[in-house]
Amino acid sequence: MQRHTLRPFAGRTSSEPGNNPKASVSEVMQQAAHFSIYAPLRLLALMALCITTFTTTAYADHDGQVHDHDTDTAHSEQSLVTPVNVATSTQASTSDTSNISTATSTNSGDAIQQFVAGDFSQRQTMLSDWPGSVESLDSLVEFIANDELYQGNGGQTYLLNKDDQLFTYPNKEETADWPSDLSQITLTNALRSALIFGQAKVKLASDKPAQRLQAVDILADNIDQVDPATITTAAANEDNTKVKKSTNRITGSYRFQKW
């Protein structure tokens, strides 16, 4: 039997040691040369990796500082907002104080001054249950009928006559010190009706027959708006003959109108 020895291809050196000593030395030299070429490259790659890692860490630290700066900015903005909130609270407190002052001014002075200072609902309440005297309500009716009742921009009550003479109220002294704004006190239809029947109600409760007689006349002039119970009650409680006759006359007129 023949034995065949495997031979390497042309140009190829066997890597098995002992087969070709010269070839082994050559390979060692080639590997050394190969290592001497790529070693600096690997070193550079390692340095690049270290630089990248250091840069990333430094950036992370910088980013943390940026976030801290943002936090400081937010705190700064919050500190800027706080005085505004305090100012708003101060304004609200001032507004509340102003409202209290307005309410206090509404409750100060005589009944006419309170009426002038009040709003619609306050005036309506006052007319349904007048807090002053019968005479003060008569004066209010007269002032409004003559277009003389005015209010200054500071809440003061004035009387302005047809000759453009301005008088302070309640002392009724003429003054040349006119307010910057002067508004006339006028009544809506609802307040005018409330004024008429408020006046009649106050006069009917008076202990003076003359006042009660005036109340009957007021009711007679507004018979179409009169509540019949008001007249019936007034007639039943009346002990003055003259007033009682007048009241009964209104009752008869009222029944005739309704019939």
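**Helix α4 and its surroundings in a predicted model**

User: Which residues of α4 are buried?

Analyst: In this predicted model, a residue counts as buried when its relative accessible area is under 20%. By that cut-off, the buried residues of α4 are V134, S136, L137, L140, F143 and I144.

User: What distance should the twelve residues of helix α4 span?

Analyst: Helix α4 covers residues 134-145, and the expected span follows from 1.5 Å a residue. The end C-alpha atoms of α4 are 17 Å apart, which agrees with the expected span of 16 Å.

User: Which helix gives the most to the largest nonpolar core?

Analyst: The largest nonpolar core has 20 residues, of which F115, L127, W130, L140 and L149 touch the most other members. While α2, α3, α4 and α5 each supply at least two residues of this core, the helix that gives the most, with five residues, is α4.

User: Which residues of α4 are among the contacts of L149, leaving aside its neighbours within four places in sequence?

Analyst: The buried residues of α4 pack against several elements, including β1 (149-152), and the contacts of L149 include I112, V116 and Y158. Also in contact with L149 are three residues that are buried in α4, namely L140, F143 and I144.

User: How are α5 and α6 oriented to each other?

Analyst: The axes of α5 and α6 come within 7 Å and cross at roughly 150°, in a left-handed crossing. Angles over 145 degrees count as roughly antiparallel, and α5 and α6 are therefore roughly antiparallel.

Terms used: Residues are numbered from 1 along each chain as its sequence is written. This is a predicted model: local features need pLDDT of at least 70, side-chain atom pairs count only at pLDDT 80 or more; totals for chains, interfaces and linings use all residues. Side-chain values use heavy atoms; hydrogens and water are left out. Helices (H or I, at least four residues) and strands (E, at least two) are DSSP runs, numbered from the N terminus. The expected span of a helix is 1.5 Å times one less than its number of residues. Buried means under 20% relative accessible area, exposed over 50%, partly exposed in between (1.4 Å probe, protein chains only). Contact means heavy atoms within 4.5 Å. A nonpolar core is a set of buried Ala, Val, Leu, Ile, Met, Phe, Trp, Tyr and Cys residues joined through side-chain atoms within 4.5 Å. Axes are lines fitted to C-alpha atoms, for helices over the stretch in contact, and angles run from 0 to 180 degrees between N-to-C directions. Angles under 35 degrees count as roughly parallel, over 145 as roughly antiparallel, 65 to 115 as roughly perpendicular and the rest as oblique. A crossing is left-handed if the near helix is turned anticlockwise from the far one by less than a right angle, and right-handed if clockwise.
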